[in-house]
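Colleague: I'd like to learn how to read a model like this one. Could you walk me through it?

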Amino acid sequence: MNSVLKIIAQRLALGLLTLFIVSIVIFAAVNLLPGDFAQAILGQGATPEAVEAIRTDLGLDQHPVKRYMQWLGGALQGDLGNSFAQANFASFVGDDSGVRTSVAQQIAPRFANTMFLAGVTAAIAVPFAVTLGILAALYRNSVFDRATNILTLSSISSPEFFLAYVLILFLAVLNPWLPSLSNIYDGMAFSERLEKTLLPALTLTLVVTAHMMRMTRAAIINLLASPYIEMARLKGINPMRVIVRHALPNALAPIINVIALNLAYLITGVVVVEVVFVYPGIGQLFVDSVKIRDIPVVQACCLIFAAAYILLNLTADILSIVSNPRLRHPK
Amino acid sequence: MSNDAFKDAETLVEMKGIWMEGRSDEDWHPIINGVDLTLRKGEVLGLIGESGAGKSTLGLASMGFCRDGVRISKGSVMFDGIDLLAASSEEKRQLLGKRIAYVAQSAAASFNPAHRLIDQHTEAPIQHGVMSKDESEADGMELYRKLRLPNPDEIGFRYPHQVSGGQLQRAMTAMAMACRPDLIIFDEPTTALDVTTQIEVLASIREIVEEFDTAAIYITHDLAVVAQMADTIKVLLKGDEVEEAETREMLSHPTQDYTKSLWAVREFQRPQKPAVITGSTPVISVKNVTAAYGKIDVLHDVSFDIHEGRTVAVVGESGSGKSTTARCITGLLPPRIGSIELDGNPLPLDYRKRDRSQLQKIQMIYQMADTALNPRQTVGDIIGRPVEFYTGLTGKARRKRVEELMDQIELPASQFIDRLPSEMSGGQKQRVGIARSLAAEPEFIICDEVTSALDQLVAEGILRLLADLQDKLNLSYMFITHDLATVKSIADEVVVMKDGDVIEQGPKTEMFTPPHHAYTDLLLSSVPEMDPDWLTNLLKERGVDNIGDAAVGKIT
Amino acid sequence: MSGLMTILIALAVIAALGYAFRLAGQKLTNNAPMFRDMPYAVAFGYMLGLAVILWAVWTYIKAQFLLPEAEANKYFYFVVAIHAFIIFSVAAWVFRVFGRAVGTAGTRKLFRQMPLTASFGVLVILVYAILAIFAGVLAPHGQEEVFAQANVVPGGNPALGGDPAFPLGTDQIGRDILSRLIYGAQNTVGIAFVTTLIAFFVGGSLGFLAATLRGWLDQFLSRTVDVLMAIPALIFALLLITVASAWVTGWGLTVAMVLIMALIDSTRVFRLARAVGMNIVVMDYIEAAKLRGENLSYIVFREILPNATAPLLAEFGLRFCFVFLTISSLSFLGVGIQPPLADWGTMVKDMSSFINYAAFAPQVSAAPLLAASAIALLTVAVNFVVDWMLHRSSGLKE
């Protein structure tokens, strides 16, 4: 057990280190490029006051390393700075009283919305995909397997916005069952919220399920080919028990891995889908900020996405270590 | 144990006119062509043949089982009056594990890594309703004791990866015995084991099969092993039955040419060369070499000489350091302490620091011809590259030299020069590997287990070729092997290694006559011989506690 | 709720039918092994499949022949999908028959073993390649040409607001959609292809170098790639494009995007190339070459590379799909390929509001879906071919 704890501690440390370096990369990408950033952001027509306001806001007169430490220190305490759009606006109005909403305040509710969307997607996609994957593996090379293969390949190959519009077409426009716009606000009833989230969640489900199902299928087929499964069958064990008792304990690690990897994949999907459905999540904010070059918001969103991605991969890693009998029961 | 003893016994398995096919892409190609097989109660049938002969496929078919992509196209399989091919999968499931059991080649892969041994042992008895969990556990420990597993009361509570290969193989035999089946299929149960471990497993399998009077089909490619285990031997060749006879009869009077040739393999022996003149400079001299992977020393103070025109066989079991020594000589693993000398001059330890003529003089032939030849190059290119690289010949001159070399390895150039490795058999590929090393015109060749991946007849051809080449070209060989039969046939001198140490070294004739070092003695005595009484006599002579891992433990 | 009830009742009926089907099968065939050993789940599956096919056929007949046009509009896309499926299948089949009859012995053999999906893939890729290369010749109008007639409905039927001069209609500022779709093949596919090529050149050569040399170079490159891969590709691309957009616009931004995507994708290629390279480097024939004294370039180009082409080719297809989809997504989000280049992702974004007309005027809503399905069709085709290639190479090993 000790060695397992040691390995997990190592992985955790490695994950933290990666996150730290990623934060440097994100910061450096924005800050280490030549030229006057404030001027570039605001364009030639900007008033000198506006440029100056942005410059102080960014602290461009300070050393990059110091700026980074400040930014990281702030981020660790939940302070992600102020958005440019707000700073810019304030400087034009001439009211820089500091009452404007911070990036953290802007992101927090949207973060909750995105988590809700991801949660609904996962709740539909995971059981569905794993079941389909196991079925396809059990009845491999059957008509069912071939049909799902073609369907999932097509689904993987389609851009998220295509799937989104197809679903809108059939489920919102031609058959008005679900709303095509996800205008979510605070204090909404759960059922209504769920209804509005369903279409974006279904879109993401289509993408994620396809990936997850194919990977589950591959993992199970790989497993079923192992000699101990043949041995179990040659012991006259009934097929259900072979699956449950012999295949499943060993399939756990690969399946957990597949799920975590695909939840990580959701992060990318969320961005496009939120834009299509005008879902007020973090992805939409991210894209809007990219378009108006609101650097603090872009940095903050990027850091959150990267952190979620690293965390999910780390979880996959640790769970598969824990479920490995060789590590749980050392020699 | 004569075949007559079973004449009156009831027939247990009757396979008639079995034709089997395997699928590759969309086509079915034949694997077994009309083989009959009869097994009486309590009889042990040995199925032998080379790789691809269809032994395992036929063995599984006797259980009414086919792997994916294999099918029985014609014939019938009767087990104790039950037609296995017509039976429903439910009926078959009732037989498998309960009345017919299977012991697989790789126990490490065939035990489920997620469950303890005893839980896997008791699964079949509980599922088939033969015993309760407690009864079966107690019985399992009893069987472990009979099979002489260490700590029989405790070992079952371990997970497969916590138990050594030889012990796992015995635990698997115990598992097969759990329901006291009428028939057990042993599918090469000792092939993956070292000789000293193999003998223990063989002894325990034979004992327990005799004790419970179980019928068995014993599948192997090793004649000497099957001679110890079987009452009757059936020889297969490429899916056809060659002959079947009672073991002693088969060993003394094989009727078919193929069987005779199999027997003859073991008779190839080259005369030992005269002793080297004292004071002559050895071609290769390994001096006090200690080498390490990372921080752990894997070789300790190894020294030996290899003289012109001689073959030194380096013998030992897996992990003994034989291949590591070769890596030190070639410079892939620079020794931590010690030196390597070529013709009396010290070589740079790292191969990257050696000059072209030094590299040229030391060549290597590998165990797996598949990974030793670039699958995307033709034979002409594989052999031609060193010719061009070392001698600078190009164009026609290079081709002529390649043809000469192919002539030496007895592969007609006109037929083979443009082939890719995938278009040749294992033996042919190994010959190309030899030609590639000859192309460098070396003084010294390291042969790393060159015959162990090959079938016996093919292996013998390679050994004869190497011996001829040595005489013609005055080459020196370092022959790495775990197979003592190979040592007997080709070596002039022998170096015995164990755990990175040289245990004993000397001329072959001395090494094969007593007195030996205790480990050499164990190693020599563990090699099965063609005599069917060999195992019985050995056990009588040494006692069950002086063989295998138990004996190795006593030495160190 | 009644919809849910209908589904539940239908499932119950199918479940009963499945049981009856298996029982009848056993009785009729006198317990043939197929029915005797059939698990119930399989029988249920057969019936479910049958029910879906019957429903599809019935809906198709209803929409084509029975319903009045206004109601049939609802099934317009369903009918289109069925037609497309039939046309594509027939085209793929004809193409395979053609491939089996024409060409060298090698290609004929390839076509003989090819499943229908793969021949469909090859056909589509060929068509796209021709469109992309000869876009200038094939497109009836220029990609930036603006006509007086804006918002012409696709279909070319004047009664529905179409115009035979613009078979697929025009967009909101009056550009010919057909021409823009054809130029889109050149721009979108071409840019994705170039990006993938750059990524392969950079990632592939560094990957093989790392696998062959090992040591600190390998450590350094691998750790760098680990970090870069810890940021999801699309997110990282958006971040870098934000930065780039502060300096360049229009054409420059398109070039910047290509370089950014190539950089991000080269990390994935590096991983694969290194893994493939490592598998080959441990082979004895590489050891033999090293011991012969061969230099690095001989080992990489003559020994490793020829053995890595098959996995790399399959990976090229997959990476291309990934880059292509990511670039399309970026364009859809408005930060990818910049105007005036015609591009499918941008077209979808610009025309997406047309979808809402689908209920009463299905032809109007076709325009954005055409661009989106142009993207999907190519990736599906590439994926089908890659899937077959991977299947073949794994089959050969056994």
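Modeller: We'll go from confidence to helices, then to domains and contacts between chains. Keep in mind that this is a predicted model.

Colleague: Then what are the ipTM and pTM scores?

Modeller: The model has an ipTM of 0.85 and a pTM of 0.84. There is also a score for each residue, and where pLDDT is low, the predicted coordinates should not be read in detail. In chain C the average pLDDT is 85, with 98% of the residues at 70 or above.

Colleague: Okay, on to the fold. How many helices and strands does chain A have?

Modeller: Chain A has 14 helices and 0 strands. Of its 331 residues, 46% are buried. Take the contacts in chain A between residues at least 6 apart in sequence: 73% of them link residues at least 24 apart.

Colleague: How do I check the length of a helix, say H9 of chain C, residues 177–213?

Modeller: Work out the span from the residue count. At 1.5 Å a residue, the 37 residues of H9(C) should cover 54 Å, and the end C-alpha atoms sit 52 Å apart, so the two agree. Look along the helix too, since H9(C) has a kink of about 30 degrees centred on C:Gly184.

Colleague: Is H9(C) mostly covered or mostly uncovered?

Modeller: Mostly covered, with 26 of its 37 residues buried. Right after H9(C) comes C:Arg214, with a positive phi of about 55 degrees.

Colleague: Can we try a helix in chain B? Which residues of H5(B) are buried?

Modeller: Here's the general idea: an α-helix has 3.6 residues a turn, so residues three or four places apart point the same way. In H5(B), the buried ones are B:Ser136, B:Asp139, B:Gly140, B:Met141, B:Leu143 and B:Tyr144. They pack against helix H4 (117–127) and helix H6 (165–177) of chain B. H5(B) covers residues 133–146 and reaches 20 Å from first C-alpha to last, close to the 20 Å expected. Just past H5(B), B:Arg148 has a positive phi of about 55 degrees.

Colleague: And domains? How far apart are the C-alpha centres of domain 1 and domain 2 of chain C?

Modeller: Those centres are 43 Å apart. Domain 1 of chain C is 1–66, and domain 2 is 187–394.

Colleague: Last one: how many residues are in contact between chains B and C?

Modeller: On chain B it's 19 residues, in contact with 15 of chain C. Helices H12 (356–361), H13 (369–372) and H14 (379–391) of chain B each supply at least two residues of the chain B side. By class, that side has 11 nonpolar, 5 polar and 3 charged residues.

Conventions. Residues are numbered from 1 along each chain as its sequence is written. Chains are lettered from A and ligands numbered from 1 in the order in which they are written. This is a predicted model: local features need pLDDT of at least 70, side-chain atom pairs count only at pLDDT 80 or more; totals for chains, interfaces and linings use all residues. Two residues are in contact if their C-beta atoms, placed from the backbone, lie within 7 Å. Helices (H or I, at least four residues) and strands (E, at least two) are DSSP runs, numbered from the N terminus. Ala, Val, Leu, Ile, Met, Phe, Trp, Tyr, Cys and Pro count as nonpolar, Asp, Glu, Lys and Arg as charged, and the others, Gly among them, as polar. A residue is buried if 20 or more other C-beta atoms lie within 10 Å of its own, exposed if 12 or fewer, and partly exposed in between; C-beta atoms are placed from the backbone. Domain bounds come from an automatic or database domain assignment. pLDDT is the predictor's confidence in each residue, from 0 to 100. The expected span of a helix is 1.5 Å times one less than its number of residues. The bend at a residue is the angle between axes fitted to the seven residues ending there and the seven starting there.
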